[in-house]
Amino acid sequence: MFNLLKMKKIRTVLFGLGAVNRGFLKILIEKKEQLINDYGIEFVIIAVADSSGFVINDVGYDYDLLLNLKMSGIKVNSLTGFHQGINVRELIELVEADLLIESSPGNITTGEPGLSVSRNALRK
């Protein structure tokens, strides 16, 4: 068992809640205890974006809540921490994250919006 005093919380932002990030959430649900016990890491989902906008919660969102939300067809704007009218750059500045998983639908020619999201995150 890993020393819980040395556990690393990986502050994570999910851009998009389609198949990729829903799959990530399923893995986190299934492997949460193993990740903590064997590797000393826990993913804390501090921000989520979908087509309705952005939500931010410094304490983190429950994995099951996020997965069930999207499986029910509900948007993140129904969650506590919804920020209306902010853009990607402002979101990146608002959160202190260790990991960004960008899986929003993109334009194959321009790479947008994912390209801008990734560039802004890397600049921070």
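This section describes the strands, helices and salt bridges of a predicted model.

The sheet of the model is open and is built from five strands in the order 4-3-2-1-5, with mixed pairing. Strand 4 and strand 5 form its edges, each of them pairing on one side only. At one edge, strand 3 and strand 4 (residues 82–83) run antiparallel and are joined by two bridges. Within this pairing, V55 stands opposite F82 of strand 4. V55 is also the bridge partner of V48, and V55 therefore has a bridge partner in strand 3's pairing with strand 2 as well as a residue opposite in strand 4. Strand 2 (residues 41–50) and strand 3 (residues 53–61) are paired in the antiparallel sense over five bridges, and the connection between strand 2 and strand 3 is a hairpin of two residues. At the other edge, the pairing is parallel: strand 1 is joined to strand 5 by four bridges. There, L14 is placed opposite I101 of strand 5.

Strand 1 (residues 8–15) contains T12. The relative accessibility of T12 is 0%, and T12 is therefore counted as buried. A polar atom of the T12 side chain lies 2.9 Å from the backbone oxygen of I10. Leaving aside residues up to four places away in sequence, T12 is in contact with F24, F43, V44, I45, I46, A47, L99 and I101. One of these contacts, I101, is the residue that stands opposite L14 in strand 5, and another, F24, belongs to the buried residues of helix 1.

Helix 1 comprises residues 19–39 and departs from a straight course. A kink of about 65 degrees is present in helix 1, with its centre at K31. The end C-alpha atoms of helix 1 are separated by only 26 Å, whereas a straight helix of 21 residues would span 30 Å at 1.5 Å a residue. N21, F24, L25, L28, L35 and I36 are the buried residues of helix 1. The packing partners of these buried residues are strand 1, strand 2, helix 2 and strand 5 (99–102). Just after helix 1, a positive phi of about 70 degrees is found at G40.

Salt bridges were examined next, and the count comes to five. In one of them, D58 is paired with R11, and the closest N and O atoms are 2.5 Å apart. This salt bridge links distant parts of the chain, since D58 lies in strand 3 and R11 in strand 1, with their positions 47 residues apart. With a relative accessible area of 55%, D58 is classed as exposed, whereas R11, at 21%, is partly exposed.

A further salt bridge is formed by the side chains of E42 and K32, with an N to O distance of 3.7 Å. Here strand 2, which holds E42, is linked to helix 1, which holds K32, the two residues being 10 residues apart. The relative accessibility of E42 is 13%, and E42 therefore counts as buried. K32 is counted as partly exposed because its relative accessibility is 31%.

Helix 2 is also connected to strand 2 by a salt bridge. K70 and D50 form this pair, their closest N and O atoms lying 3.2 Å apart. K70 is located in helix 2 (residues 63–71) and D50 in strand 2, and the pair, 20 residues apart, links distant parts of the chain. Both partners fall under the 20% limit for burial: the relative accessible area of K70 is 19%, and the relative accessibility of D50 is 13%. Beyond the individual pairs, K9, K32 and E42 are joined into one network by salt bridges that share partners.

Terms used:
Residues numbered from 1 in each chain as written. Predicted model: local features only at pLDDT ≥ 70, side-chain atom pairs only at ≥ 80, totals over all residues. Heavy atoms only, no water. Buried < 20%, exposed > 50% of the residue type's maximum accessible area, 1.4 Å probe, protein only. Polar contact = N/O pair within 3.5 Å; in protein donor to acceptor, adjacent residues only side chain to side chain. Contact = heavy atoms within 4.5 Å. Salt bridge = Lys/Arg side-chain N within 4 Å of Asp/Glu carboxyl O. Expected span 1.5 Å × (residues − 1). Bend = angle between axes of the 7 residues up to and from the residue.
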